[in-house]
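Please examine the following structure, which is briefed below by topic.

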Amino acid sequence: PYVASQFRKDKIWMRRSKPHARRYQVVLCVDDSRSMREAGCQARALEALALLTRALGQLEVGDLGVLSFGGERGTRELHRLGAPLTDAA
């Protein structure tokens with residue numbers, strides 16, 4: 001049944017009261033290259049990352065991870081899959 005109406009065929013309310021059996025693992029990758037820094041795009045990239053992580057958290061997508069790539073240090077794991085995502089992270 002759906003949350004608000006308790007009817008099975010009422011498609012207006014799309015969020016189910018019972019979670020799906022599937023759990024997804026989503027990894028977001030952020031470009032950390034010199035060209036991003038020189039173009040001043042880092043702030044926008046971080047804003048977009050914050051917006052995406054909040055949206056995916058509200059959708060209860062599953063595990064979320066964050067990687068950076070393209071910098072001097074190569075590919076780095078910023079947030080590990082399965083770790084709780086908080087505002088401090």
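Val 26 has its place in strand β1, where strands (E, at least two residues) and helices (H or I, at least four) are DSSP runs numbered from the N terminus. With a relative accessible area of 23%, Val 26 is partly exposed; buried means under 20% relative accessible area, exposed over 50%, and partly exposed in between (1.4 Å probe, protein chains only). The model is predicted: local features need pLDDT of at least 70, side-chain atom pairs count only at pLDDT 80 or more, and totals for chains, interfaces and linings use all residues. Residues are numbered from 1 along each chain as its sequence is written, and side-chain values use heavy atoms, with hydrogens and water left out.

**Surroundings of Val 26**

- Apart from neighbours within four places in sequence, Val 26 is in contact (heavy atoms within 4.5 Å) with Leu 56, Val 61, Asp 63, Leu 64, Gly 65 and Leu 81.
- Thr 53 is 27 residues from Val 26 along the chain, and the C-alpha atoms of the two are separated by 10.0 Å.

**Confidence**

- The mean pLDDT (the predictor's confidence in each residue, from 0 to 100) of the chain is 81, and 73% of the residues score at least 70.
- Among the elements of the chain, β1 has the highest mean pLDDT, at 92, and α1 the lowest, at 89.

**Fold and chain totals**

- Two helices and three strands are present in the chain, and from the N terminus on the elements run β-α-α-β-β.
- Strands β2 and β3 run antiparallel and are joined by four bridges; two strands pair if DSSP finds at least two bridges between them.
- A hairpin is formed by β2 and β3, with two residues between them.
- Val 66 has His 79 in β3 as its bridge partner.
- Of the contacts in the chain between residues at least 6 apart in sequence, 46% join residues at least 24 apart.
- The chain has 89 residues, of which 19% are buried.
- About 7400 Å² of the chain is exposed, and carbon and sulfur atoms supply 55% of that area; accessible areas come from the Shrake-Rupley method with a 1.4 Å probe, and for residues only the protein chains shown count as cover.

**Nonpolar core**

- In soluble globular proteins, nonpolar side chains tend to be buried together.
- The largest nonpolar core comprises nine residues: Leu 28, Val 30, Met 36, Ala 45, Leu 49, Leu 56, Val 61, Leu 64 and Val 66.
- Two or more residues of this core come from each of β1 (24-31), α2 (42-58) and β2 (62-71), and α2 gives the largest share, three residues.
- A nonpolar core is here a set of buried Ala, Val, Leu, Ile, Met, Phe, Trp, Tyr and Cys residues joined through side-chain atoms within 4.5 Å.
- Ala 45 touches Val 30 and Met 36, not counting residues up to four places away in sequence.

**Salt bridges**

- Side chains of opposite charge can pair when their charged atoms come close.
- Four salt bridges are found in the structure, each being a side-chain nitrogen of Lys or Arg within 4 Å of a carboxyl oxygen of Asp or Glu.
- Arg 34 forms a salt bridge with Glu 38, with the closest N and O atoms 3.5 Å apart.
- Because Glu 38 and Arg 34 are four residues apart in helix α1 (residues 34-38), about one helical turn separates them.
- Both partners count as exposed: Glu 38 has 62% relative accessibility and Arg 34 has 55%.
- Arg 37 and Glu 72 meet through their side chains in a salt bridge of 2.8 Å, N to O.
- Arg 37 lies in helix α1 and Glu 72 in the loop between β2 and β3, so this pair ties together parts that are 35 residues apart in sequence.
- Arg 37 counts as partly exposed at 31% relative accessibility, whereas Glu 72 counts as exposed at 68%.
- Arg 44 and Glu 47 also meet in a side-chain salt bridge, at 3.6 Å from N to O.
- In helix α2, Arg 44 and Glu 47 are three residues apart and therefore separated by about one helical turn.
- Arg 44 counts as exposed, at 63% relative accessibility.
- Asp 32, Arg 37 and Glu 72 are joined into one network by salt bridges that share partners.

**Loop residue Arg 73**

- Arg 73 lies in the loop between β2 and β3 (74-79) and counts as exposed, at 67% relative accessibility.
- Ser 33 and Arg 73 are 40 residues apart in sequence, and their C-alpha atoms are 9.8 Å apart in space.
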